[in-house]
Amino acid sequence: YRRKKKDEAIKYSKMLMRMTYAFLWVVILITFILVRPIIGMFNLSKEAALIALMLTVFHAICTGLIRPFAFYLPVVFKAASDVKFTLVVSTVSMWVFRVALSFVLSLENVTVVGFVLPGAGLGIAGVWIAMMVDWLFRGTLYLIRYLSGKWLKKAFATIS
């Protein structure tokens, strides 16, 4: 019984990931088709329109490759009562990459406790790069956890 339930958990988690990728890529392809007309509706300067186009394409590609592991695989863990791991990883990753790395990559200079440190000065692109680094970090740790099978231990510890 226990083995059958574990096999079902693995089967449905793989099915969730396949469906997630399929639906995401449908949305991404629609986004690629409509991105220029949508940007055109805002009457942006050529420079702003180019930045919007580049960020949209960058985000779409990263979404199609990384987002399922970074945000939908943890749903599988939570369903299997493996909540603490996802909480710790997401909190640490958010503060280190989304917040701290965003400052470093986006600003020319970053002041930390009175010290002025050089930043990359990438502007909005730096924020988006930092966000994708966050996704990649989370996704990598979650994928390692998934492949190790540790996410199954808590849920199936009490089932006989």
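A charge is taken to sit over a ring if NZ of Lys or CZ of Arg is within 6 Å of the ring centre and within 35 degrees of the ring normal. In the predicted model analysed here, R67 meets this description with respect to F71, lying over the face of that ring at 4.5 Å from its centre. A further case involves R145, whose charged end is placed over the ring of F85, 4.2 Å from the centre.

Aromatic pairing was examined next. Across the whole structure, 7 aromatic pairs were found. One of these joins F71 and W135 in an edge-to-face arrangement, with 5.6 Å centre to centre and 80 degrees between the planes. Because F71 belongs to helix 3 (residues 67-79) and W135 to helix 5 (residues 124-148), this pair ties together parts that are 64 residues apart in sequence. F71 is partly exposed, its relative accessible area being 22%, whereas W135 is buried, with a value of 2%. The pair formed by Y146 and W151 is stacked, since the ring centres are 5.1 Å apart and the planes are at 15 degrees. Y146 and W151 are both buried, and they belong to one aromatic cluster together with F77, F85 and Y142. F85, a member of this cluster, is also the residue whose ring lies beneath the charged end of R145.

A buried polar position was also examined. S93 is located in helix 4 (residues 83-106). With a relative accessibility of 0%, S93 is classed as buried. When residues up to four places away in sequence are not counted, S93 touches R98, D134, F137 and R138.

Key:
Residues numbered from 1 in each chain as written. Predicted model: local features only at pLDDT ≥ 70, side-chain atom pairs only at ≥ 80, totals over all residues. Heavy atoms only, no water. Helix = DSSP H or I, 4+ residues; strand = E, 2+ residues; numbered from the N terminus. Buried < 20%, exposed > 50% of the residue type's maximum accessible area, 1.4 Å probe, protein only. Contact = heavy atoms within 4.5 Å. Phe/Tyr/Trp six-rings, centres within 6.5 Å; stacked < 30°, edge-to-face > 60°.
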